[in-house]
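Dear colleague,

I am passing on the structure we spoke about, and it is shown just below. After it I set out what was found, so that you can follow each point with the structure open beside the text.

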Amino acid sequence: MVFHSILPKIGAHWLVNLYRSVRKLRSLQTKPSTVAASACTIPAAAGRTVLCDFHGGILRSRALFPYFMLVAFEGGSILRALLLLVSFPLVWILGEHSDASLRVMAFVTFVGLRPRDADLVARAILPKFYMEKLNAEVYDRLWLPAKRKVAVTSTPKVMAEWFLEEYMAADIVVGNELQMIKVGCRCYFTGLLGRLGQLPGGMTEKVLRSEFGVDGGMADVAVVGRSNPLNQLFTSYCKELYVVSWESAKTARLPRERYPKPLIFHDGRLAFLPTAPAMLAFFLFLPLGFILSVIRISIGIVLPYNISFAASALAGVCFRTSGRRVPEAGAKRRGVLFVCTHRTLVDPIMLTAALQKPVPAVTYSLSRLSEIIAPIKTVRLTRDRDHDAAMMSRLLEKGDLAVCPEGTTCREPYLLRFSPLFAELADDMEPVALDAQVTSLYGTTASGHKWLDPLAFFANPVPAYRVEFLGPVPRDQTRAGGRTSAEVANWVQRRLGEALGFECTGLSRRDKYIMLAGNDGVVRK
């Protein structure tokens, strides 16, 4: 009786093992040649069709959670980011690249989010973090010289498509589509994905071959990362398959000067890649950071200049100044025009602290709260050239004046185009190189709430500022020396760029706001 009951189970077990063995043997026979990718094994891809796994192939990191966190924090809210962090233990248990984990992260990140907000994050925030993680070997030897480029991403397509098409010149981007629902006249993401591993819209094998555009529907070379469920779908469509190892990816960082496009503009508050441990430390420090920010701002408003330096240092602010000249004896008819680079909204305040005296500043878009709490006089420009010139001239008659000719802030090591208006108002000018360093939160934003800028900057653990006075502009480089206002502006821009090690550009504040926020950057009354 026992033998008759066990025999069918043994037979079924043998049949299952036989089926698995045959299936494995067939997969080995049809599987393309696989090589661990390194600098010496990745082939030249000139004139060939390549297929790359975005996370782990094009990027050095296989992590997905940080990029979902960026969308949740920057496109959603701090509460949504906190909820995503709380869900990370579940994601870790299920496996970050598993179907279930991707669905959990996508739902928490995108449910109720407007497509416009997700698009702004994809265009203005994610490219910076993607570029910092590009794999130099894959990019230089395979992706750049390829004739046709196909990229595969495990994340929702909206997170990577813009970067891959605009920066990486991808011909095809394959990823999951998010479902949307229309409420009234607005659309919102439901947070639900299509079935992982299937192409958008249920593309068949015939359509996939036509998308590749090569004979037999086969890509010449594919580079993939490990533990990506989408890889199984595409390994049968390539002739050569290279798997990027973690060891080779760690040392393949792409230098800034070799980026596909210069990274000049980017937005968002987070100044670090938000991995789960980093975000946990961030949320734990945030209450203390808010308290420190209020204390540091109060020091600048309440205390006199001669003791604010020491008090700020005790509160954790790192402040360096150099090149300050002693004012010449004797009365002057007009004040000195300090021409500054623009890194944050507190630039004029830092200049005032370095000079140990209040210096009025002119500005474009400034929130009402920033005007109220500013310890110096701020004057809003109207964009009427004649009116602004007359107002600045009156201020110079009364004393010194600070101006930022870029008209807006820039975080990266670039200087935007200098407006030549300042060169028409004074010959007694002094360039001042200002630079700010943060580790947690940026003190500027193009699409967010500008009234939070000072709070965000001073909420960093150790916010750092550098103020370097470069001396008066030589007379032969001013309008009194026969130069035009544009030539004076360009000379001052180059001088400041040399002092900071920044590259000069011809881009304007309008270019920045159109790209990052979709507007002209004016705070409406």
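A cluster of aromatic residues is a convenient place to start: F54, Y67, Y130, W162, F163 and Y167 are linked to one another through ring pairs. Please keep in mind throughout that this is a predicted model, and that every value below was computed from it.

Aromatic pairs

A pair of aromatic rings is described by the distance of the centres and the angle of the planes. With a cut-off of 6.5 Å between ring centres, the count comes to 15 aromatic pairs. One of them joins F54 and F163, whose ring centres are 6.2 Å apart and whose planes stand at 40°, so this pair is classed as tilted. Because F54 lies in the loop between strand 2 (49-53) and helix 2 (65-76), while F163 belongs to helix 9 (residues 157-166), the pair ties together parts of the chain that are 109 residues apart in sequence. Both F54 and F163 are buried.

F163 also pairs with Y130, and here the ring centres are 5.1 Å apart with the planes at 50°, so that this pair, too, is tilted. Y130 sits in helix 7 (residues 126-132) and F163 in helix 9, which makes this a link between distant parts of the chain, 33 residues apart. As for accessibility, Y130 counts as buried because its relative accessible area is 0%, and F163 is buried with a value of 1%, the cut-off for buried being under 20%.

Charges over rings

Y167, which is part of the cluster described above, has the charged end of K261 sitting over its ring, 5.9 Å from the ring centre. A second arrangement of this kind involves R411, whose charged end sits over the ring of Y442 at 4.0 Å from the centre.

Strand 2 and its partners

Strand 2 is mostly covered, since 5 of its 5 residues are buried. The cover extends to both faces of the strand, with T49, L51 and D53 buried on one side and V50 and C52 buried on the other. Strand 2 pairs in the parallel sense with strand 3 (residues 148-156) over 5 bridges, and it pairs, again in the parallel sense, with strand 7 (residues 219-224) over 3 bridges. L51 is a useful residue for finding your way here, as it stands opposite V150 in strand 3 and opposite A222 in strand 7.

Helix packing

Helix 5 (residues 99-110) packs with helix 3 (residues 78-86) at an angle of about 165°, the two axes lying 9 Å apart. Helix 3 and helix 5 are therefore roughly antiparallel, and their crossing is right-handed. Helix 5 also packs with helix 2, in this case at an angle of about 15° and with the axes 9 Å apart. Helix 2 and helix 5 are therefore roughly parallel, and helix 2 passes helix 5 in a right-handed crossing.

A residue in helix 19

Finally, E498 is found in helix 19 (residues 485-500). E498 counts as exposed because its relative accessibility is 62%, where the cut-off for exposed is over 50%. E498 and A433 are 65 residues apart in sequence, and the distance between their C-alpha atoms is 9.7 Å.

With best wishes

Conventions
Residues numbered from 1 in each chain as written. Predicted model: local features only at pLDDT ≥ 70, side-chain atom pairs only at ≥ 80, totals over all residues. Heavy atoms only, no water. Phe/Tyr/Trp six-rings, centres within 6.5 Å; stacked < 30°, edge-to-face > 60°. Helix = DSSP H or I, 4+ residues; strand = E, 2+ residues; numbered from the N terminus. Buried < 20%, exposed > 50% of the residue type's maximum accessible area, 1.4 Å probe, protein only. Lys NZ or Arg CZ within 6 Å of the ring centre and 35° of its normal. Pairing = 2+ DSSP bridges. Axes fitted to C-alpha atoms, helices over the stretch in contact; angles between N-to-C directions. Parallel < 35°, antiparallel > 145°, perpendicular 65-115°, else oblique. Left-handed = near helix turned anticlockwise from the far one by under 90°.
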